[in-house]
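Please open the model in your viewer with the cartoon representation switched on, and keep the sequence panel beside it. The stops below say what to select next and what is to be found there.

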Amino acid sequence: MAKQRVDVAGNAASFIDQDDIHEPFHDKNLWAARMKRDAAARAVPEWEDLRTIASLIKEHTLTHLDHYLEMFEANAIKRGAKVYWARDAAEHNQQLWEILSARNIDAIIKSKSMLQEECGMTAFLENRGISVTESDLGERIQQLDNQPPSHIVMPAIHKTPADIAAIFANAIGTDPNNTDPHYLNEAMRADARKRFLKAGAGMTGVNFAIAETGSFVVCTNEGNADIGASVPPIHIASMGIEKLLPKVSDLGIFIRLLSRSALGTLATQYTSHFSGPRKGGELHIIITDNGRSKRLGLDDFWHSLKCIRCGACMNTCPVYRRSGGLAYGATYSGPIGIILDPTFDESKYSELPYHSTLCGSCSEVCPVKIDISDQILKWRKVMAAKKYLPISRRLAFGAAGKVFEHPTLFHGAETAASAAMKVTPHFLLYNRGLNPWGRHRELPHFAKQTFREWYLQYKQQDNEEPQQ
Amino acid sequence: MNLNPREQILDAVRQHLPTEKVEYPAVPVFQKTIPVLLPAFEARLRDAGATVHKPADLAAAQALLAQEHADAKVICSATPDLQGNRDIHKVINPHELADVDVGVIRAGFGVAENGMVWLTQEDLVVNALGFLSQHLVILLDPAALVADMYDAYLRVHLEDTAYGCFMMGPSATADIGAVLVHGAQGARSLSVYLI
């Protein structure tokens, strides 16, 4: 059990320690996205109202989910789509395999889908001799480097252009010394296009599904999902059961929120609406549960199902920005990952809830008002109650608990810590190998007096002053 | 109790539904913030990487198309308003559009808030025209504008078309070093002719 637990802090330390380039580059680019998000949000006078309404629409839908699922299914079938239901990743992949093998399809292209990542779909298909090409540039970079996406909307943001130049040089023969993003994009465009034209099916995810029409919406900036849906004869969409919205008019709210929250842009370049198969084509929709119905029953955690996968919580998170998404060792990283991943495997992801400062910034930027930081704290309680914590941490937290419970112990500890700070050698606190997190930071100087000492002193002075 | 996956999922959902139901919220009509739509639409289009042109009439638009894309070998038009040299109505398989240099499409309407244009399967004739073409020219009646996404979704009719796309400028990516590049997988450029 313990051997497969993800050591997120250790992984993050490796990301920080690899050189002086990657972590600052990652931090800077994600913070820039956060700043753009703020500007875009400020330009919408009703922004906070939109967050509240979007949150309520999602909560309404989720508390009536059976009703909206049936409505969506009936309308999608009426439009001519084929609808399948999959309880878990294995059934999703099996269903997909049956569709592809019945048509002798040996090559597909796919756009970004976190659900397909959850299902391990690409490996499943490749093991059965089907070639899979990621059509999103960032996802393709990750595929060629045998890595999962490190961010929900910017899959390769932890890589520098030099890293990508090296990967492309190896995979498609580009000049390894040319790190110009325009050059690299052009080379991949030419390589990918041949694959697009050979593919027997195009796969997409689903950003939003509309119950009243049986439609679904896919948002991309590259137009890659649309190529997959419009060029091969078959379009297959993987849809989580939580993707539903009741009405078409709801999209006016959610589309306004999504890309502004993600990248600070007004919308994605392409917002595409699929209502049944295109002229002369086939449309298959695999509605997948994979743990979601169980999550719906968790009083403390079901609000995580409101997530629209914008990545705003990742961009703002001071811990994520310095860790890189791969450190989390899971399909979902960053604050949203911390609260989603343990629902798949509590033991494996038991360390994740501690990879947070609980600063609350994630909850503040979430466009659907998920109480992310509160849920992180609640997951810590779950991990502690179930004794998933490593023994050293349990002892430390246990000791802290005792100290905080007993005021006299706390006062003693406070004074002792101040004294200890004076004598702890600097190299112990800031040694790069021992504590990469301290590299750019200085601990604050301890006050000469503790607050309590100061308070007691002034209280005494106050008491000594003559009464008016 | 041999339920199929559909029944099992719906049962599991019902079993786990939160006991406290949440009502669908009241959605107010938000105040409009864009006083004049056309200039805002043009500005947002340019922000999204598109170019905007105002040919005097269709003959001028045809000349502009020839001038803008003088090197184009294959021009495929889905609108009777402008002529190309590939008849889209004869296309049976979307792969036939793989060599199109310029696709020409008339959009239904535009959105002033963000510079999007609405294209349906009927506007595209063959959906792939919007994505395999190296460059796109979009015709749009400058009077056919809505203010924002709320109004835009009142104007679309998803029940009437299998495919509809809000397109906002050319294909874009920032997946390499967070640097914006146009022409990722879809169109390299998008010109809007207001006519």
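Begin by selecting the strands of chain A that make up the open sheet β1-β10-β7-β4-β2-β3, six strands whose pairing is parallel; strands here are DSSP runs of type E with at least two residues, helices are runs of H or I with at least four residues, and both are numbered from the N terminus. Two strands count as paired if DSSP finds at least two bridges between them. At the edges of this sheet stand β1 (82–86) and β3 (131–134) of chain A, each of which pairs on one side only. Neighbouring strands of the sheet are turned by 20° against each other on average, with direction ignored. Colour β2 (residues 107–110) of chain A next, and four bridges will be found joining β2(A) to β3(A) in a parallel run, with Ala107(A) opposite Ser131(A) in β3(A).

Before going further, note that this is a predicted model, in which local features need pLDDT of at least 70 and side-chain atom pairs count only at pLDDT 80 or more, whereas totals for chains, interfaces and linings use all residues. Residues are numbered from 1 along each chain as its sequence is written, and chains are lettered from A and ligands numbered from 1 in the order in which they are written. The predictor gives the complex an ipTM of 0.98 and a pTM of 0.91. Chain B averages a pLDDT of 97, and 99% of the residues score at least 70, pLDDT being the predictor's confidence in each residue on a scale from 0 to 100.

**The sheet shared by both chains**

Now display both chains and select the eight strands of a second open sheet, in the order β8(A)-β5(A)-β6(A)-β9(A)-β9(B)-β6(B)-β5(B)-β8(B), where the pairing is mixed. β8 (244–245) of chain A and β8 (145–146) of chain B stand at the edges with a single partner strand each, so one side of each is left without a neighbour in the sheet. Where do the two chains join within this sheet? Strand β9 (residues 270–274) of chain A is linked to β9(B) by five bridges, and the two strands run antiparallel; for a landmark, centre on Tyr270(A), which stands opposite Met167(B) in β9(B). Within chain A, β6 (residues 215–220) pairs with β9(A), also over five bridges and in the antiparallel sense, and Val218(A) has Ser272(A) of β9(A) as its bridge partner.

**The interface**

Widen the selection to the whole interface, where 62 residues of chain B are in contact with 72 residues of chain A, contact requiring that the C-beta atoms of two residues, placed from the backbone, lie within 7 Å. On the side of chain B that touches chain A, two or more residues each come from α1 (5–16), α5 (129–132), α6 (149–155), β9 (163–167) and β10 (172–173) of chain B. The largest share, nine residues, comes from α1(B). By class, this side of chain B divides into 37 nonpolar, 17 polar and eight charged residues, where Ala, Val, Leu, Ile, Met, Phe, Trp, Tyr, Cys and Pro count as nonpolar, Asp, Glu, Lys and Arg as charged, and the others, Gly among them, as polar.

**Helix pairs in chain A**

Hide chain B and select α9 (residues 161–172) and α10 (residues 181–198) of chain A, whose axes come within 11 Å and cross at roughly 30°; the axes are lines fitted to C-alpha atoms over the stretch in contact, and angles run from 0 to 180 degrees between N-to-C directions. α9(A) and α10(A) are therefore roughly parallel to each other, since angles under 35 degrees count as roughly parallel, over 145 as roughly antiparallel, 65 to 115 as roughly perpendicular and the rest as oblique. The contact joins Pro161(A), Ile164(A), Ala165(A), Phe168(A) and Ile172(A) of α9(A) to Pro181(A), Leu184(A), Ala187(A), Met188(A) and Asp191(A) of α10(A), a set with nine nonpolar, no polar and one charged residues.

Finally, select α16 (residues 334–344) and α18 (residues 372–385) of chain A, which pack at an angle of about 45° with their axes 9 Å apart, so that α16(A) is oblique to α18(A). Show the side chains of Pro335(A), Ile336(A), Ile338(A), Ile339(A) and Pro342(A) in α16(A), which meet Ile372(A), Gln375(A), Ile376(A) and Trp379(A) in α18(A); by class, this contact has eight nonpolar, one polar and no charged residues.
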